[in-house]
Amino acid sequence: VSLTRQALLASMVAACLLIGLSAGAVALPLSDVWQGLWHADAAAAPIVRELRAPRVVLAFLVGGSLGMCGAALQAMIRNPLAEPYLLGLSSGAGLGAVIAIATRAAGPWAIPVAAFLGAICAVALVYRLSLVTGRRLDPHVLLLSGVVVGAFAGALMSAIMVLSDAPGVRNAFLWLLGGFGSASWQALAVFAAYASVPIALLLFHARSLDLIALGDEPAHHLGAEVDRIRRSVYLCTALLTAASVATCGIIGFVGLVVPHAVRTTFRPLHRSLLPLVFLVGGCFLVLADVVSRTAVRPLELPVGVITALIGVPLFALLLRRTLR
Amino acid sequence: MTVGRGSFLSELVDRAGGVNLFSDVTASSGVVSIEAVAARNPDLIFTTTEEPSGFASRPEWQVVSAVRKHRFLRVSGSEFNRPSPRAPAAIRELAARLDGTMP
């Protein structure tokens, strides 16, 4: 990535973050945002510092993580339609989180662990189901299994929400639609703690992803330990998806839209694809959250609604292209 | 989560002489952000749960001045959450308590 592109990317990220800080239930002019950020006694300081700053940073990190999950999964199954939501990981993580809340095992640190277990179970089940047709993994069968496992986990989630009398479960219904309404510095700390290791590991695997994208056989001959990397990548994506779902609910299609946009504009190898996808994914989700906060003021739309409205048409387009 | 114009609770508050700050929400209930609550700056926040302290102690809620000053009005869920023959009594009780708490 050249220097001008780096400058362009940096200014895009800065612009998105500033838009995120200034938009909301009450639109703040940029001068107020600036005052609020640097002066604790400014009128806008509580709103900018306690509400918007954690929300915008969390949306950025979650968007980046979901984008990276999508890009990594797409390299794994060599198909641009792979994505944590479509592969059932998000719903598995959601089910884990809801079980944790319903059994009152909750606490901000326990929910991501339960979500992680849910995501791992979902990914194992999806993988097992898609091997039924034969020894070779067909990406379209894998996607179909993902959708089915996702629907099953969604049904169990709804059942638990209706049957449980734990106080947090009604709120669970709200955040499972996906949204950053409950963002806080604490939520951000929890997310960062769970997400930093898998993000670093995925970046570390980026070179091997380029090899695996060529095919298992050539990757093996070029010195990649395919099975070990594959296990590690699935674990990382499950952990990242779980951290996202546990802090802000199920948000689909970010992992589909963002890698596609980055590939068509930059055509990079995975080494630079993953960092690019992280930045662009962050910007994408920050802007989607801005729309969710401002489209129907004073109400908030779940941000998952907006990402799905953008993601589903793109999915249809990509599906036509891969089947041709 | 707040109640909108169409809800029973909103009508109760109206009849007791109060104003529901989210009466521009036409649905019976909706999700709003903490920021939207802060912008409308309520005098009082109604709760039907045992203790509002669960969210009242969270740092992000301190933006709302009614939360900072701990101005909560606890109402009984069975009386206020559904239309019933006890509604007139609920309105009288609410009107009296509003008179008592408003500055």
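Leaving aside its neighbours within four places in sequence, which residues is Ser91(A) in contact with?

**Exercise 1. Find the surroundings of Ser91(A).**

Before we start, note that this is a predicted model, in which local features need pLDDT of at least 70, side-chain atom pairs count only at pLDDT 80 or more, and totals for chains, interfaces and linings use all residues. Residues are numbered from 1 along each chain as its sequence is written, chains are lettered from A and ligands numbered from 1 in the order in which they are written, and side-chain values use heavy atoms, with hydrogens and water left out.

Step 1: Go to helix α4 of chain A, where Ser91(A) has its place. Helices (H or I, at least four residues) and strands (E, at least two) are DSSP runs, numbered from the N terminus.

Step 2: Look for contacts, meaning heavy atoms within 4.5 Å. Beyond its sequence neighbours within four places, Ser91(A) is in contact with Gly150(A), Ala153(A), Met157(A) and Ile250(A).

Step 3: Ser91(A) counts as buried because its relative accessibility is 8%. Buried means under 20% relative accessible area, exposed over 50%, and partly exposed in between (1.4 Å probe, protein chains only).

**Exercise 2. Describe helix α5 of chain A and what its buried residues pack against.**

Step 1: Helix α5 covers residues 110-130 of chain A, 21 residues in total. From first C-alpha to last, α5(A) reaches 31 Å, close to the 30 Å expected at 1.5 Å a residue. The expected span is 1.5 Å times one less than the number of residues.

Step 2: Pick out the buried residues of α5(A), among them Ile111(A), Pro112(A), Gly118(A), Val123(A) and Ser130(A).

Step 3: Those buried residues pack against α4 (89-102), α6 (139-163), α8 (185-204) and α11 (226-248) of chain A.

**Exercise 3. Compare the settings of Arg78(A) and Phe253(A).**

Step 1: Most residues other than glycine have a negative phi. Arg78(A), however, has a positive phi near 50°, and Phe253(A) has a positive phi near 75°.

Step 2: Arg78(A) lies in the loop between α3 (45-77) and α4 of chain A. The place of Phe253(A) is the loop between α11 and α12 (254-266) of chain A.

Step 3: With a relative accessible area of 39%, Arg78(A) is partly exposed, whereas Phe253(A), at 7%, is buried.

**Exercise 4. Outline chain B and the way it meets chain A.**

Step 1: Chain B has six helices and four strands, in the order β-α-β-α-β-α-α-β-α-α along the sequence. Of its 103 residues, 42% count as buried.

Step 2: At the interface, 16 residues of chain B are in contact with 15 residues of chain A. The area buried between the two chains is about 1400 Å², with 70% from carbon and sulfur atoms. Buried area is the accessible area (1.4 Å probe) that two parts lose on being put together, summed over both.

Step 3: Find the one salt bridge between the chains, a side-chain nitrogen of Lys or Arg within 4 Å of a carboxyl oxygen of Asp or Glu. The partners are Glu35(B) and Arg52(A), at 2.2 Å from N to O.

Step 4: Helix α2 (residues 34-40) of chain B gives five residues, the largest share of the side of chain B that touches chain A.
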